[in-house]
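Trainee: Could you take me through one part of this model slowly? I'd love a close look at the spot where the ligand sits and what is around that spot.

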Amino acid sequence: MSNMKQIAKMARVSLGTVSHVLNNSATVREPVRNRVLEAVQALGYRPNQVARGLRRVKTSMIGMIIPDITNPFFPAVVRGAEDVSFSNGYRLILCNSDNHHSKELVHLNELRSFLPAGLIVIPSNFSDLTAQAEVYRRAGTGVVCIDRLPTNWSGDSVTADNEEGAYKATRHLLRLGHSTLATITGPLHLTNANDRLGGFKRALREAKVKLAPEYVQEATFDKAGGYSKTLTLLRLIPRPTAIFAGNDMIALGCLLAIREAGLRCPEDVSLIGFDDLDFGETTNPALSSVSQSGYQLGATAANILVERIKGNSDPPKHVVLETSLTIRSSAARAPN
Ligand code: RIB
């Protein structure tokens, strides 16, 4: 394994110059810098991140914890965070919590020992992030929470305007003449699921449309949740003519259940999802959905973090990104 002494020898410079080039800590003349970088490359030198971190207190690593990369919403979030991290000289390390707060805790504890420059977290169900972030903050490490916030979160955050997005979707269904509406929410202790329910209820309240409690079904944010809760909704009398699904994965389960029940979407039951994932264009019928930018969520979080790493100590930022309604074919006029 090559070391800094060998680089100095090959580039015919002092050890100090090598260190300045590697740490970007002093202006080194271009030809000299190039000689050092060429030697670094020729010798295949990789700085030991942990050793560098110990000297500089932090490594150039940013940790990111998300629920599950196999959920099609999250890759774009990670991509946004990584692009911004990378272009600022940081490398992203990704961990999945599988939505279990105990696994999230393992990641939070272990990542700390790698001395990350910062952390971006989409909290798991029942996350303990608020307490954990305090430990990071005491060590001078920024934590940005995105997409869904744990209760009492007061640090930096980036979310979509979930309430407004759900409101727009529900207004659309009301304008199509639906008066028996239902919703299948995500886990309601998550702020995004709860805010989406809030937007749904606001639209009904404003239109003076009644909502009996059984027309609100809480599910996990996935296809299985959407499927089983749709079967429950389809047994209600009167049967809902429109469903607002808490996300597109839930909507996928709704489509399946509607079809299996021998009903048609949108002729018998209209449907709108949330997230506007790519597959929405190819479902049958194509899924109308509230669009939020996962990429922007991740990129904005990483930008905030980079500012914090540079020393920005302004009060916590709470960025709320706009949502819009993408209308395709899954919502139609209410049946007579
Ligand atoms: O399954 C992905 C969903 O959970 C999205 O709606 C997103 O907001 C996340 O929290």
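**Around the ligand**

Mentor: Sure, let's start with who is there: the residues around the ligand are N71, F73, F74, D147, R148, N192, R196, F221, N247, D275 and Q292. Keep in mind that this is a predicted model. Now pick out a few of those neighbours and look at their side chains. N71 has a side-chain N or O atom 2.6 Å from an oxygen atom of the ligand. R196 does something along those lines, with a polar side-chain atom 2.8 Å from a ligand oxygen. Then there's Q292, where an N or O atom of the side chain is 3.1 Å from an oxygen atom of the ligand. And how much of the ligand does the protein cover? Taken on its own, the ligand has 280 Å² of accessible area, and the protein covers 100% of that.

Next, zoom out a little and bring in the domains. The domain assignment splits the chain into domain 1 (4–47), domain 2 (56–160 + 293–322) and domain 3 (162–292). Go back to the three side chains we just met: N71 falls in the domain 2 range, while R196 and Q292 fall in the domain 3 range. So let's see how those two domains meet.

Measuring over C-alpha atoms, the centres of domain 2 and domain 3 are 29 Å apart. Where they touch, 14 residues of domain 2 are in contact with 14 residues of domain 3. Between them they bury about 1200 Å², with 54% of it on carbon and sulfur atoms. On the domain 2 side, F73, R148 and A160 lose the most area to domain 3, together 38% of what that side buries. You've seen two of those names already, since F73 and R148 are also around the ligand.

What kinds of residues does domain 2 bring to this interface? Its side has 6 nonpolar, 5 polar and 3 charged residues. Even so, the rule finds 0 salt bridges across the interface, though 3 residue pairs are in polar contact between the two domains.

Note on methods. Residues are numbered from 1 along each chain as its sequence is written. This is a predicted model: local features need pLDDT of at least 70, side-chain atom pairs count only at pLDDT 80 or more; totals for chains, interfaces and linings use all residues. Side-chain values use heavy atoms; hydrogens and water are left out. Domain bounds come from an automatic or database domain assignment. Contact means heavy atoms within 4.5 Å. Buried area is the accessible area (1.4 Å probe) that two parts lose on being put together, summed over both. A salt bridge is a side-chain nitrogen of Lys or Arg within 4 Å of a carboxyl oxygen of Asp or Glu. A polar contact is a pair of N or O atoms within 3.5 Å; within protein, one must be able to donate a hydrogen and the other to accept it, and residues adjacent in sequence count only if both atoms are side-chain atoms. Ala, Val, Leu, Ile, Met, Phe, Trp, Tyr, Cys and Pro count as nonpolar, Asp, Glu, Lys and Arg as charged, and the others, Gly among them, as polar. A residue is near a molecule or strand if one of its heavy atoms lies within 4 Å of it. Accessible areas come from the Shrake-Rupley method with a 1.4 Å probe; for residues, only the protein chains shown count as cover.
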